[in-house]
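Let's take a walk through this structure together, one group of contacts at a time. Please keep the model open beside you as you read.

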Amino acid sequence: MLQKVLLEREIYASEEHKMMQKMIQDFIRDEILNQTDEWEKNGMVSREIWERAGELGLLCIDMPEAYGGSGFDFSFSALFIEELAKKGVTGPGFSLHSDVVAPYLLKYGTEAQKQKYLPAMAAGKMITSLGMTEPNCGSDLQAITTTAVDKEDHYLVNGQKTFITNGFMCDMSLVAVKTGKGTENEGVSLLIIESDSEGFEKGKPLKKIGMKAQDTCELFFDNVKVPKENLLGEEGAGFKIMMTELARERLIVALNAIGGAEGAIANTIEYTSTRTAFKQPIAAFQNTQFKLAECATQLQVHQSFLDRCTSLLSKHELTAESASMAKYSATDMHNKVVDECLQLFGGYGYMWDYPIARMYADNRVARIYAGTNEIMKLLIARGLFKELFGQMKDDRKK
């Protein structure tokens, strides 16, 4: 019923998109949903599901075929993100692996690094994580304290990372470190660190409010020797690289939000059409109709904006400001939609066996990770007042 009201999305209208959508839906229905309870107990998914996703070509979708990818544009990755979100699938950290770590390697890695890691990542044989966040510096990436000391033929890494998606299962982590500490060349660099390195330790999967099937943990580095050839890009260029690539990560969070909102609305339409109160379906009450009309409208508006952002990203034209707008607005919308939908379920909405309850617990963190929504507003504001801030900075130098 919801699809009959929403406009057809041109970005997913090709035959290739429709074929992939059907394959993704079958994969989720037949191979993922029946494992959710077990994954939640374990605090992580199985390696088999990663390898199965690789077999189907659903990992690193927009990576060139030369490196094991499918060679499609980013809209196919976006489709996979949304389809998972519609069904409330938050366990497998596919997107962090395929749509964040892989692009870093593809864009900034040496040919040797690409050949070593990307094909294994696309096949689901190597699981990756991104080690940025630290216990005392959430969104302030310049304040990281994990260090990498130059030892001529290798770096010696010491420090700690937290809230790391895929952390416990990862075979490799792309880690932000401070190099040249205490010197004029001090800066942030990115190192590829394999998890079997001596001194690389993983904490137990963290217990979270939601996303219980997703492997999230702390990473510890105690005198870890990292070969010089594992430096990604240039030394000291890590912060610039991260700032350039964060737009993609924020769009991914936004896509997950609109997919999740669509799933919540569809689920609620079905429930209120069959659940009765006072001898009539809940959907017959005007309040139910108005609430779901409001939710569907907000979803439609955000779908249109996100489709535009997806198209821009596919052409490498998405700005930091637009990505920030998408991330903060879509996650706020998602939060409100799920809250309204849960209310329409009444007491059953608070029961874990109902998908809406999982959606309610799972979606809250989206307003925090990939940069809090407050940081998103700050970035948008900086773009609006860029000339003023630039002039103020020049005035201070005089």
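What follows is a tour of helices, charged pairs, aromatic rings and a surface patch.

Before setting off, please keep in mind that this is a predicted model.

A good place to get your bearings is helix α10. It covers residues 320-345, 26 residues in total. From its first C-alpha to its last, α10 reaches 38 Å, close to the 38 Å expected at 1.5 Å a residue. Just after α10 comes Gly 346, and its phi is positive, near 65°.

Now to the charged side chains. How many salt bridges does a search of the whole structure find? The search comes up with 22. One of them is between the side chains of Arg 9 and Glu 82, at 2.7 Å from N to O. Arg 9 sits in the loop between α1 (2-5) and α2 (15-32), while Glu 82 belongs to helix α5 (residues 74-86), so this pair ties together parts that are 73 residues apart in sequence. Are these two partners buried or exposed? Both Arg 9 and Glu 82 are buried.

Compare that with a salt bridge inside one helix. The side chains of Arg 29 and Asp 26 meet at 3.1 Å, N to O. Both residues lie in helix α2, three residues apart, about one turn of the helix. Arg 29 has a relative accessible area of 49%, and because the exposed class begins only over 50%, Arg 29 is partly exposed.

Another salt bridge brings together the side chains of Lys 178 and Glu 186, with 3.6 Å from N to O. The two partners fall into separate classes of accessibility: Lys 178 is buried, with a relative accessible area of 7%, whereas Glu 186 counts as partly exposed at 37%. Salt bridges can also share partners, and in this way Lys 22, Asp 26, Arg 29 and Asp 30 are joined into one network. You have already met two members of that network, Arg 29 and Asp 26, as a salt bridge within helix α2.

While you are at helix α2, have a look at Phe 27, which is found there too. Its relative accessibility is 1%, so Phe 27 counts as buried. Phe 27 and Ala 53 are 26 residues apart in sequence, and their C-alpha atoms are 8.5 Å apart in space. For a contrast, go to Leu 7 in the loop between α1 and α2. With 59% relative accessibility, Leu 7 counts as exposed. Between the C-alpha atoms of Leu 7 and Met 325, which are 318 residues apart along the chain, the separation is 22 Å.

Next, the aromatic rings. A pair of aromatic rings is described by the distance of the centres and the angle of the planes. The count for this structure comes to eight aromatic pairs. Among them is the stacked pair of Phe 80 and Phe 94, with 5.8 Å centre to centre and 20° between the planes. This pair links distant parts of the chain, since Phe 80 is in helix α5 and Phe 94 in helix α6 (residues 94-108), 14 residues apart. Phe 80 counts as buried at 4% relative accessibility, and Phe 94 is buried with a relative accessible area of 2%.

Tyr 271 and Tyr 354 form an edge-to-face pair, with 6.4 Å centre to centre and 90° between the planes. Tyr 271 lies in helix α8 (residues 238-274) and Tyr 354 in the loop between α10 and α11 (355-363), so the pair ties together parts that are 83 residues apart in sequence. Tyr 271 counts as buried at 12% relative accessibility, whereas Tyr 354 is partly exposed at 28%. Ring pairs link Tyr 271, Phe 345, Tyr 348 and Tyr 354 into a cluster.

Rings also meet charges here. Lys 212 lies over the face of Trp 352, at 5.6 Å from the ring centre. Likewise, Lys 228 lies over the face of Tyr 155, at 5.3 Å from the ring centre.

The last stop is on the surface. Which residues make the nonpolar surface patch of about 410 Å²? They are Leu 384, Phe 385, Leu 388 and Phe 389. Leu 388 lies in helix α13 (residues 386-397), and at 45% relative accessibility Leu 388 counts as partly exposed.

Definitions and conventions:
Residues numbered from 1 in each chain as written. Predicted model: local features only at pLDDT ≥ 70, side-chain atom pairs only at ≥ 80, totals over all residues. Heavy atoms only, no water. Helix = DSSP H or I, 4+ residues; strand = E, 2+ residues; numbered from the N terminus. Expected span 1.5 Å × (residues − 1). Salt bridge = Lys/Arg side-chain N within 4 Å of Asp/Glu carboxyl O. Buried < 20%, exposed > 50% of the residue type's maximum accessible area, 1.4 Å probe, protein only. Patch = residues over 30% accessible without salt bridge, like charges linked within 9 Å, V, L, I, M, F, W, Y side chains within 5 Å. Areas by Shrake-Rupley, 256 points an atom, 1.4 Å probe, with all protein chains shown as cover. Phe/Tyr/Trp six-rings, centres within 6.5 Å; stacked < 30°, edge-to-face > 60°. Lys NZ or Arg CZ within 6 Å of the ring centre and 35° of its normal.
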